[in-house]
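Have a look at the sequence and the 3D structure shown here. We'll walk through them together and explain the terms along the way.

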Amino acid sequence: MKIKLLLVAIVFCYSTQNFAQQTKKNYINNDETVKTKKNGLNISFGTSGFGVGYARKLNTKLNAIVAYHSLTIEDKEVDVSEFLDNDDVNFLGGVNSTIIDAGIEYVPFKKSSFKLAFGIGFLNNVAINGLITYKEGVEYGDVIVAAQDVGKVIINSKWSGTAPFIGFGFGRAIPKNRVGFGVDIGTYFAKSPTVNLEADKLLAPTQDEQSDLQDAFESLTMIPRIQFRLTYNF
């Protein structure tokens with residue numbers, strides 16, 4: 001699935017050339033003909049994880065871009081005492097993200113690297129997971145229930161489908177020099193995530209709160225898109 005989406009994005013990148021004015025292939029500088037650089041390869045890191053990308057110059061102000069981002073964080077201990085009002089629990093969080101971008105970069109000013117970007121993100125796997133357990137046993141009158149017998153709560157939230165994105169930044173996708181640095185700041189506009197809550201043992205009744213949890217996540221439709229990028233042109 002990931003390979004098919006990436007191929008579609010690459011085809012998009014090339015097909016958009018037919019709708020933009022072609023850049024001149026060369027220019028005269030000191031009586032020598034120098035080929036204009038029209039391609040860029042990049043590596044990046046940001047909120048969507050590590051990424052690789054390709055850009056194609058359409059004209060002096062437009063570049064077509066395609067990128068693949070991936071992020072995996074597992075069993076990250078998070079302090080949630082301020083949110084749960086309970087310091088007797090452990091919370092282990094995890095993040096998985098796989099996103100393929102296909103879009104356009106618009107550079108309005110000839111002498112500035114400021115740019116605007118817009119396009120579509122394919123959210124193949126964007127999920128946030130949490131595991132809640134008790135640190136110590138729980139007292140019920142004269143009975144102490146061991147922590148492992150209290151049970152656990154598992155929360156899974158997942159975004160999927162396509163998500164338009166917009167943003168701005170500095171640093172061209174195809175820099176004037178051989179190597180360039182850039183930053184992109186924006187957001188994806190996604191559908192509300194699907195939330196699943198599981199609980200067992202003494203905490204099993206917590207599953208009755210799933211509908212309320214789904215409602216709480218309903219407004220989480222904006223996913224940050226911040227990337228720091230290093231590009232090589234050719």
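Leaving aside its neighbours within four places in sequence, which residues is I155 in contact with? The answer is I128, N129, G130, I132, V195, N196 and L213, where contact means heavy atoms within 4.5 Å.

Before going further, a word on where this comes from. This is a predicted model, in which local features need pLDDT of at least 70 and side-chain atom pairs count only at pLDDT 80 or more, while totals for chains, interfaces and linings use all residues. Residues are numbered from 1 along each chain as its sequence is written, and side-chain values use heavy atoms, with hydrogens and water left out.

**The overall picture**

The protein has 4 helices and 13 strands. Both are DSSP runs numbered from the N terminus, with at least four residues (H or I) for a helix and at least two (E) for a strand. Of its 234 residues, 41% are buried. Buried means under 20% relative accessible area, exposed means over 50%, and partly exposed is in between, with a 1.4 Å probe and protein chains only.

The accessible surface comes to about 14,000 Å², and 59% of that belongs to carbon and sulfur atoms. Such areas come from the Shrake-Rupley method with a 1.4 Å probe; for residues, only the protein chains shown count as cover. Now take the contacts between residues at least 6 apart in sequence: 69% of them join residues at least 24 apart.

**The cores**

Back to I155, which is among the residues with the most contacts inside the largest nonpolar core, a set of 15 residues. I132, V150, V153, V195, L203 and L213 are listed with it. A nonpolar core is a set of buried Ala, Val, Leu, Ile, Met, Phe, Trp, Tyr and Cys residues joined through side-chain atoms within 4.5 Å. Which elements give two or more residues to this core? They are β6, β10, β12 and α4, and the largest share, 3 residues, comes from β12. There is also a second, separate core of 9 residues, including I99, L123, Y188 and A190.

**Strands side by side**

Two strands pair if DSSP finds at least two bridges between them. Strand β11 (residues 179–189) is joined to β10 by 6 bridges, and the two run antiparallel. One of the partnerships here is F168 with I185 in β11. On to β13: 11 bridges join β11 to β13, again running antiparallel, and T187 has P224 in β13 as its bridge partner.

**Salt bridges**

How many salt bridges does the structure hold? There are 5, a salt bridge being a side-chain nitrogen of Lys or Arg within 4 Å of a carboxyl oxygen of Asp or Glu. Here are three of the pairs, with the distance between their N and O atoms.

| Pair | N to O distance |
|---|---|
| D101 and R225 | 3.1 Å |
| K115 and E105 | 3.0 Å |
| D200 and K152 | 2.9 Å |

Start with D101 and R225, which are 124 residues apart: D101 is in strand β6 (residues 89–106) and R225 in strand β13 (residues 222–233). D101 is buried because its relative accessible area is 1%. R225 has 7% relative accessibility, so R225 counts as buried.

K115 in strand β7 (residues 114–134) and E105 in β6 are 10 residues apart, and both are buried. These two also belong to a network of salt bridges that links E105, K115, D184 and R229.

D200 sits in the loop between β12 (194–199) and α4 (210–217), and K152 in strand β10 (residues 152–170), so their salt bridge ties together parts that are 48 residues apart in sequence. Are the two partners buried or exposed? D200 is partly exposed, at 23% relative accessible area, and K152 is partly exposed at 32%.

**Some backbone details**

Most residues other than glycine have a negative phi. D75, though, has a positive phi near 50°. D75 lies in strand β5 (residues 62–77) and counts as exposed because its relative accessibility is 60%. K201, in the loop between β12 and α4, has a positive phi as well, near 55°.

Strand β5 is also home to K76. K76 and L92 are 16 residues apart in sequence, and their C-alpha atoms are 5.2 Å apart in space. Leaving aside its neighbours within four places in sequence, K76 is in contact with F91, L92 and G93.
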